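The following exercises concern a protein with bound DNA and ligands. Please work through each task with the model at hand before reading the solution.

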Number of protein chains: 2
Amino acid sequence: MPGPSAAVPDATVERLPLYHQVLADLAREGETTVSSVRLAELAGVNAAKVRKDLSFLGSYGTRGVGYDVEFLMLQVQRTLGLTGDARVVIVGFGNLGQALANYGGFGERGFPVTAIVDADPDKIGTQVPRSDANGESATERVVVEHVERLAEVVRDHKITVGVIATPQHAAQAAADALVAAGIQSILSFAPVVLDVPESVPWRKVDLATELQILSFYQARSGSLQHPA
Amino acid sequence: MPGPSAAVPDATVERLPLYHQVLADLAREGETTVSSVRLAELAGVNAAKVRKDLSFLGSYGTRGVGYDVEFLMLQVQRTLGLTGDARVVIVGFGNLGQALANYGGFGERGFPVTAIVDADPDKIGTQVPRSDANGESATERVVVEHVERLAEVVRDHKITVGVIATPQHAAQAAADALVAAGIQSILSFAPVVLDVPESVPWRKVDLATELQILSFYQARSGSLQHPA
DNA sequence: TATTGCTTGTTCTCTTGTTCACAAACTCGC
DNA sequence: GCGAGTTTGTGAACAAGAGAACAAGCAATA
Ligand SMILES: NC(=O)c1ccc[n+]([C@@H]2O[C@H](COP(=O)([O-])OP(=O)(O)OC[C@H]3O[C@@H](n4cnc5c(N)ncnc54)[C@H](O)[C@@H]3O)[C@@H](O)[C@H]2O)c1
Ligand SMILES: NC(=O)c1ccc[n+]([C@@H]2O[C@H](COP(=O)([O-])OP(=O)(O)OC[C@H]3O[C@@H](n4cnc5c(N)ncnc54)[C@H](O)[C@@H]3O)[C@@H](O)[C@H]2O)c1
């Protein structure tokens, strides 16, 4: 009996959001159950891998039938620690920061953008429509505040996630400020390796990196399967 | 003698862009050589791993000294197939598409945004300043064209990379159009699994996925090292 | 209740990736 | 030219992950 809280391998953790997304699509289409084979097809992975991954969450399938879509979604959420909303602050309201702020997909997926800060006085006060998980309340707005007020803002709004969308040279300072403000995890778009305490998990999304990896597989075109 | 063109493991390929970025930073600071230990520090990985990774490119270090920064950068580029510029077309000129188009970092890193297409007639004709690898020629512009002209545009500008920044429901159609136009690799921001021929490598960048992975490690905070 | 058909959960094997540890090889100062 | 100090490149041990295969278990039907 492994129990639901046994260790989940890193490789599995990286795939759980993919399964979650596929399950959400299935639920939207009205499907109530799904087999590992179908789930694997839709997620583009091996079926045995799907079953093994899901077995780490507990034994929630029914032999001869498959998995209950809604219930499995809940188990994935529970395993990932997606309990309620995790509020997000965006640091840097430039090209990318504005795109992120205007993007409704965050709130829909449980990560509402609750605050935005920038260092540029001209940007302070700009208003952005806010979309929470429960529909869009058109009247609610997020106002861009000065980065110096970061700690205050994080505390007042109980924000736990920081997104860095500043230029590269300001990214480490932004990370330091976020850590000092008590943020619990960081997603950065700046192409630099951040120096943060081990207790603060962080990930980097770098488009040039992705394109460079693609470049390699393109050069080897046909001879290798893409590893996404 | 493994030779420079022996197989490079997937895990290594995924790290090469990181090394490349660190090396570029070092070169900018005027450093001419670097040891595996220092490179590992800056990249946030194990030094032995760095040496093993680099050994797949060939034997380019000097014992007792380290690696020549400029030369190693060239070797990484060669291995990744970064020969000259790989021109990019962006499909979808919305929030994200505009941010990407206005972002100079692409061109600087060898992936100039050479064309943009959208399905919305209102967006056709919009001009975006273009930044090539060699400085910014303020007069050059990229004009948003209709998505129906995609094949033509791709052919005329010798574009090899497609970036999908359309809404989720249009992503597969965009992918199909890109493949039909003869694109060689695809980077998608839509949170869906694309169905493309095996000969076209593709990768997905999904922010919600990243945040969900962070959520897991945050819940296990302190007990686990982030795996980025 | 027995039988049939299907799908999970898990075991086992193979492959890939990581890390340690150290000989080989190079530089530099003397 | 030699010795001291450094750093690479790689063999070997170890860990993690992938995938095939199949027994166990459930549903449905008769
Ligand atoms: N725009 C893109 O499509 C894109 C793509 C890939 C990566 N990136 C990366 O994302 C980051 C942002 O890109 P961008 O195009 O939005 O840049 P940008 O210059 O348009 O915006 C940066 C914003 O950060 C603000 N800022 C600067 N220093 C700050 C600080 N110390 N604290 C708070 N705010 C600060 C600036 O005032 C500005 O509003 C960069 O690191 C870039 O490399 C962007
Ligand atoms: N904006 C963000 O910060 C962000 C973050 C994460 C993911 N995404 C994803 O990126 C994608 C784009 O997001 P967005 O906020 O820019 O959306 P958006 O609605 O602002 O822009 C989408 C654009 O695509 C165009 N389009 C629609 N159908 C098309 C088609 N068939 N061919 C060509 N163009 C078409 C639309 O006209 C529009 O201009 C979405 O899939 C979204 O989930 C966006």
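**Exercise 1. DNA strand C**

Which element gives the most to the surface near DNA strand C, and with how many residues?

*Solution.* The model is predicted, so local features require pLDDT of at least 70 and side-chain atom pairs count only at pLDDT 80 or more, while totals for chains, interfaces and linings use all residues. Residues are numbered from 1 along each chain as its sequence is written, chains are lettered from A and ligands numbered from 1 in the order in which they are written, and side-chain values use heavy atoms, with hydrogens and water left out.

Step 1. A residue is near a molecule or strand if one of its heavy atoms lies within 4 Å of it. There are 26 residues around DNA strand C, and Ser36(A), Gly64(A), Tyr67(A), Arg15(B) and Arg63(B) come nearest.

Step 2. Assign the residues to elements; helices (H or I, at least four residues) and strands (E, at least two) are DSSP runs, numbered from the N terminus. At least two residues each come from α3, β2 (61-62) and β3 (66-68) of chain A and from α1 (10-28) and α3 of chain B.

Step 3. The element that gives the most is α3(B), with four residues.

Step 4. Classify the surface, with Ala, Val, Leu, Ile, Met, Phe, Trp, Tyr, Cys and Pro as nonpolar, Asp, Glu, Lys and Arg as charged, and the others, Gly among them, as polar. The surface near DNA strand C then has seven nonpolar, ten polar and nine charged residues.

**Exercise 2. Atoms that meet strand C**

Identify the parts of DNA strand C that Arg51(A), Gly64(A) and Ala11(B) approach.

*Solution.* Step 1. Sugar or phosphate supplies 69% of the atoms of DNA strand C within 4 Å of the protein, and bases supply the rest.

Step 2. Search for polar contacts (pairs of N or O atoms within 3.5 Å). An N or O atom in the side chain of Arg51(A) is 3.1 Å from a base nitrogen of DNA strand C.

Step 3. Backbone atoms also take part: a polar backbone atom of Gly64(A) is 2.8 Å from a sugar or linking oxygen, and a backbone N or O atom of Ala11(B) lies 3.3 Å from a phosphate oxygen.

**Exercise 3. DNA strand D**

Describe the protein surface near DNA strand D by residue, element and class.

*Solution.* Step 1. Around DNA strand D there are 27 residues, of which Lys52(A), Arg63(A), Ser36(B), Gly61(B) and Tyr67(B) come nearest. Of the strand's atoms within 4 Å of the protein, 65% belong to sugar and phosphate.

Step 2. Chain A contributes at least two residues from each of α1 (10-28) and α3 (47-55), and chain B does so from each of α3 (47-55), β2 (61-62) and β3 (66-68). The largest share, four residues, comes from α3(A).

Step 3. The classes are seven nonpolar, eleven polar and nine charged residues.

Step 4. Among the polar contacts, a side-chain N or O atom of Arg51(A) is 3.5 Å from a base nitrogen of DNA strand D. A polar side-chain atom of Lys49(A) lies 3.4 Å from a phosphate oxygen of this strand.

**Exercise 4. The α2(A) and α3(A) pair**

How are α2(A) and α3(A) oriented to each other?

*Solution.* Step 1. Fit axes as lines through C-alpha atoms, for helices over the stretch in contact, with angles from 0 to 180 degrees between N-to-C directions. The axes of α2 (residues 36-43) of chain A and α3(A) come within 8 Å and cross at roughly 110 degrees.

Step 2. The two helices are therefore roughly perpendicular (65 to 115 degrees).

Step 3. With contact meaning heavy atoms within 4.5 Å, Ser36(A), Val37(A), Leu39(A) and Ala40(A) in α2(A) meet Ala47(A), Val50(A), Arg51(A) and Leu54(A) in α3(A). These residues divide into six nonpolar, one polar and one charged.

**Exercise 5. The ligand sites**

Which chains provide the residues that surround ligand 1 and ligand 2?

*Solution.* Step 1. Ligand 1 is surrounded by residues from chains A and B, so its site is shared between chains. Among the residues that come nearest are Leu96(A) and Tyr103(B).

Step 2. A backbone N or O atom of Thr166(A) lies 2.7 Å from an oxygen atom of ligand 1. Accessible areas come from the Shrake-Rupley method with a 1.4 Å probe; taken alone, ligand 1 exposes 820 Å², of which the protein buries 83%.

Step 3. Residues from chains A and B also surround ligand 2, so that site is shared between chains. A polar side-chain atom of Tyr103(A) lies 2.7 Å from an oxygen atom of ligand 2. Taken alone, ligand 2 exposes 820 Å², and the protein buries 84% of that.

Note on methods
A polar contact is a pair of N or O atoms within 3.5 Å; within protein, one must be able to donate a hydrogen and the other to accept it, and residues adjacent in sequence count only if both atoms are side-chain atoms. Angles under 35 degrees count as roughly parallel, over 145 as roughly antiparallel, 65 to 115 as roughly perpendicular and the rest as oblique.
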